[in-house]
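I opened the model and kept notes in the order in which I looked things up.

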Amino acid sequence: MNKQEERAAFMLTKSSTELVRQRNSVLVLSVLRRHGQLAHTEISDFTGLSSATISAITTELERAQIIEKSEQQAASGRGRPRVLLRQRRDCGYLIVVIISSDAVQYSLVDYAGKLIDRFSEERSHDPSGAARFVEGVRAGLSRILDRSKISQEKVLLISISSKGLVNSTEPVLLWSPIFGSDQIDFESALRPQWQAKVILDNETLLVAAALGAREEIAKGADFRSLAALSLGHSIGLGIVRRGNQTGQEISAPNFGHMLHMANGGLCRCGTRGCIEAYAGFYAILRSAFEVPLDTIPAKFVPVAELDKIAARARQGHRTSAFAFRQAGLALGNGLSRMLSLTERMPIAITGPGTRYYDLLRQGIEEGLGQSHVVRMEGMPEIRVVADEPILVFEGHLNRALSVIDQDIVITGVQGGE
């Protein structure tokens, strides 16, 4: 082997060693995320790494001011206090932006995952569309920092979510029920004012991720898969499955705009016959008042209006009850196709539409019952999970803080092996 080959082999070995160090450092941080502050031996137990490796990693992470030590006195008050390791709250900050049909919520979170500040702003239905909206987002981001007196340089990541279709690799909103085909490239829109990393996720994907994390904690190795169906102004679906060593596999297929009925009702996406055109809030409103199916859908329907229709349905008004049953049937048919293409799995129903589940249930079960997989294997478990806003926020934290951990390790730490 000549000198050039020796140098190449040395650099390859060094690179491989560094990758192992980075991977182990991220593993330590992920364990602290999941279990809270831990003692040195507990980190070793949870990660399976040797005591020497944990010592080297935590020393480097502490030196880089990413984690810190704290002491916990024994309950008896005797003996030496336990030394615990935890994230430094001021290591950096995360801003979470949740875009919904009628509002935009801004949350400021520290590196330990603690909520510092939060406010919501009503979203104006301005005809100028995406351009005006982006100006509002810039102002909202500046406002939440001004309120907390935190400098922009300390913000490591901005995590944004919306209903609709998002680019899988870039923070670009491709289509949404709010802006239609007006695409928004959030990274370009926030540069050069903001240097923080920007990520964008489908809202229902984050709901599925949060539910999957909860299920895996509760069931451990028994967890296989779960679907989250979000009901509201629009219809969303997220699917989470147990993955390999890289973690869970999460996806958000374009469920609301799957075909339910050829040449059917007009959908907000501009096509006809989508599931959402029969099951979204605007679809239930249209059906309850027997409005022609080719009527241009309302972009936003207040929940109070759906409450009135639901009250009439529960009082025996046949047309109102039929509107909810038809919505349930469209949902059930769509879910039956999803199960046929994947596997039988529990279904969690979330979103503001859960308040009408008693009216939707018969149609959902009827639609599911038409599936061969359901007839063969039985009705899947269906549960109602009403706290969707909490799930969306949990999903943001799980994803965004994991991204921050990886970026910090890659850019700022030379971990121990």
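I started with contacts between residues at least 6 apart in sequence: 61% of them join residues at least 24 apart. The model is a predicted one. I then took the overall figures for the chain. The C-alpha atoms fill a box of roughly 75 × 65 × 50 Å along the principal axes. I counted 13 helices and 16 strands. Of the 417 residues, 47% are buried. The accessible surface is about 20,400 Å², and carbon and sulfur atoms hold 51% of that surface.

**Entry: nonpolar cores**

I looked up the largest nonpolar core, which has 42 residues. Which of its members touch the most others? They are Leu229, Phe324, Leu331 and Leu335. Helix 10 (residues 318-341) gives this core its largest share, eight residues. I followed Leu335 further: leaving out residues up to four places away in sequence, Leu335 touches Leu229, Leu237, Phe255, Ile347, Ile364 and Leu368. There is also a second, separate core of 41 residues, and Ile67, Ala210, Ala228 and Val403 are among its members. As a general note, nonpolar side chains in soluble globular proteins tend to be buried together.

**Entry: helix 11**

I checked the length of helix 11 (residues 357-369). Its 13 residues should span 18 Å at 1.5 Å a residue, and the end C-alpha atoms are 17 Å apart, so the two agree. I listed its buried residues as Tyr357, Leu359, Leu360, Gly363, Ile364, Gly367 and Leu368. Two of these, Ile364 and Leu368, are contacts of Leu335 in the core. I recalled that an α-helix has 3.6 residues a turn, so residues three or four places apart point the same way. What covers the buried residues of helix 11? The cover includes helix 9 (303-314), helix 10 and helix 12 (372-377). Strand 12 (225-231), strand 15 (347-350) and strand 16 (382-384) also belong to the cover.

**Entry: cysteines**

I searched the whole structure for disulfides and found zero. I wanted to know why Cys267 has no such bond. The closest cysteine sulfur to that of Cys267 is in Cys269, at 3.7 Å, which is too far for a bond, since a disulfide needs the sulfur atoms within 2.5 Å. Cys274 gives a like result: its closest cysteine sulfur is in Cys269, at 3.7 Å, again too far for a bond. Cys267 is buried, with a relative accessible area of 2%. Cys274 is also buried, at 3%.

**Entry: Glu122**

I found Glu122 in strand 6 (residues 115-122). Is Glu122 buried or exposed? Its relative accessibility is 78%, so Glu122 counts as exposed, the cut-off being over 50%. Apart from neighbours within four places in sequence, Glu122 is in contact with Asp102 and Ala103. I also took the C-alpha distance from Glu122 to Ser101, which is 9.3 Å for a sequence separation of 21 residues.

**Entry: Asn202**

I turned last to Asn202, in strand 11 (residues 197-202). Its relative accessibility is 11%, so Asn202 counts as buried, the cut-off being under 20%. A polar atom of the Asn202 side chain lies 3.1 Å from the backbone nitrogen of Leu205. Beyond four places in sequence, I noted contacts of Asn202 with Ser162, Lys163, Gly164, Val166 and Ala252.

Conventions. Residues are numbered from 1 along each chain as its sequence is written. This is a predicted model: local features need pLDDT of at least 70, side-chain atom pairs count only at pLDDT 80 or more; totals for chains, interfaces and linings use all residues. Side-chain values use heavy atoms; hydrogens and water are left out. A nonpolar core is a set of buried Ala, Val, Leu, Ile, Met, Phe, Trp, Tyr and Cys residues joined through side-chain atoms within 4.5 Å. Buried means under 20% relative accessible area, exposed over 50%, partly exposed in between (1.4 Å probe, protein chains only). Helices (H or I, at least four residues) and strands (E, at least two) are DSSP runs, numbered from the N terminus. Contact means heavy atoms within 4.5 Å. The expected span of a helix is 1.5 Å times one less than its number of residues. Accessible areas come from the Shrake-Rupley method with a 1.4 Å probe; for residues, only the protein chains shown count as cover. A polar contact is a pair of N or O atoms within 3.5 Å; within protein, one must be able to donate a hydrogen and the other to accept it, and residues adjacent in sequence count only if both atoms are side-chain atoms.
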